[in-house]
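Visitor: I am new to this structure and would love a tour. Could you show me how the descriptive words are earned?

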Amino acid sequence: MPTPHYGQPRYRAIAEELRERIESGVLAPGALLPAESALAAEFEAARGTVRQAIAALREAGLVATEHGRGTYATPRCEPGLDRGSETETQQRQVAADAELAALFAVEVGVALVEQQSLTRTNGVVGTVVRTYRLLQTEQ
């Protein structure tokens, strides 16, 4: 279904629609977003446009992409709603394996930063989300 964008970039209109789905609970925390090809068909947009929309949501902290698994709606921690829920985030430097190197268009072994967010509710692990980015080096 096409979205009216009235002067704003198409990817922002798509990102806003997906944001509404996430915030309203249609896409629950931890839920897998539809594949890029499915979103491209739904919004009658190019895959590159859909990728831009997902990137905007990732920057806003609404989704996380896990290599080889897909893109997930991230858990929202709202004060007072679930006092038994906690999120732990760890970050470490890793060497790019063949798959990550191909995704980032770098050589195998290049330094990446892996961030892992683990959410527990009442002590039980609910979600684990890993994201990767290139290590920023000062030159």
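Guide: Let us begin inside. The buried residues of α3 pack against α1 (10-24), α2 (36-43), β1 (63-66) and β2 (70-73). Please keep in mind that this is a predicted model.

Visitor: What makes those residues of α3 count as packing against other elements?

Guide: The word rests on contact, which means heavy atoms within 4.5 Å. The buried residues that do this packing are Thr49, Val50, Ala53, Ile54 and Leu57.

Visitor: How do you know that the buried residues line one face of α3?

Guide: Look down the helix axis: the buried residues fall within an arc of 140°, so they line one face. There is a general reason behind such patterns: an α-helix has 3.6 residues a turn, so residues three or four places apart point the same way.

Visitor: What span is expected for α3, and what does the model show?

Guide: Helix α3 covers residues 47-59, which is 13 residues. The expected span is 1.5 Å times one less than the number of residues, and that comes to 18 Å for α3. From first C-alpha to last, α3 reaches 18 Å, close to the expected value. After the helix comes glycine 61, with a positive phi near 80°.

Visitor: Which residues other than glycine have a positive phi?

Guide: Glutamate 44 is one of them, with phi near 50°. Glutamate 44 lies in the loop between α2 and α3. Another is alanine 105, at about 60°, in the loop between α4 (98-104) and β4.

Visitor: Why are glutamate 44 and alanine 105 called exposed?

Guide: Exposed means over 50% relative accessible area. Glutamate 44 has 57%, so the word fits. Alanine 105 has 68%, so alanine 105 counts as exposed too.

Visitor: Now to the sheet. What makes β3 and β5 edge strands?

Guide: The open sheet has three strands in the order β3-β4-β5, paired antiparallel. Here β3 (85-95) and β5 (124-134) each have a single partner strand, so one side of each is left without a neighbour in the sheet. Neighbouring strands are turned by 15° against each other on average, direction ignored.

Visitor: How do you know that β4 and β5 pair?

Guide: Two strands pair if there are at least two bridges between them. β4 and β5 have ten, in the antiparallel sense, so they meet that requirement. Across this pairing, threonine 119 stands opposite threonine 127, and arginine 120 faces valine 125.

Visitor: Why is glutamine 116 called buried?

Guide: Buried means under 20% relative accessible area. Glutamine 116 has 18%, so glutamine 116 is buried. Its place is in strand β4 (residues 111-121), and it touches Glu88, Thr89, Gln90, Val128, Val129 and Arg130, not counting residues up to four places away in sequence.

Visitor: What makes the meeting of glutamine 116 and arginine 130 a polar contact?

Guide: A polar contact needs a pair of N or O atoms within 3.5 Å, one able to donate a hydrogen and the other to accept it. The side chains of glutamine 116 and arginine 130 make such a contact at 2.8 Å.

Visitor: Is asparagine 122 buried or exposed, and where is it?

Guide: At 63% relative accessibility, over the 50% cut-off, asparagine 122 counts as exposed. Asparagine 122 sits in the loop between β4 and β5. This hairpin has two residues between its strands, and asparagine 122 takes a positive phi near 55° there.

How values were computed: Residues numbered from 1 in each chain as written. Predicted model: local features only at pLDDT ≥ 70, side-chain atom pairs only at ≥ 80, totals over all residues. Heavy atoms only, no water. Helix = DSSP H or I, 4+ residues; strand = E, 2+ residues; numbered from the N terminus. Buried < 20%, exposed > 50% of the residue type's maximum accessible area, 1.4 Å probe, protein only. Axes fitted to C-alpha atoms, helices over the stretch in contact; angles between N-to-C directions. Arc of directions from axis to C-beta.
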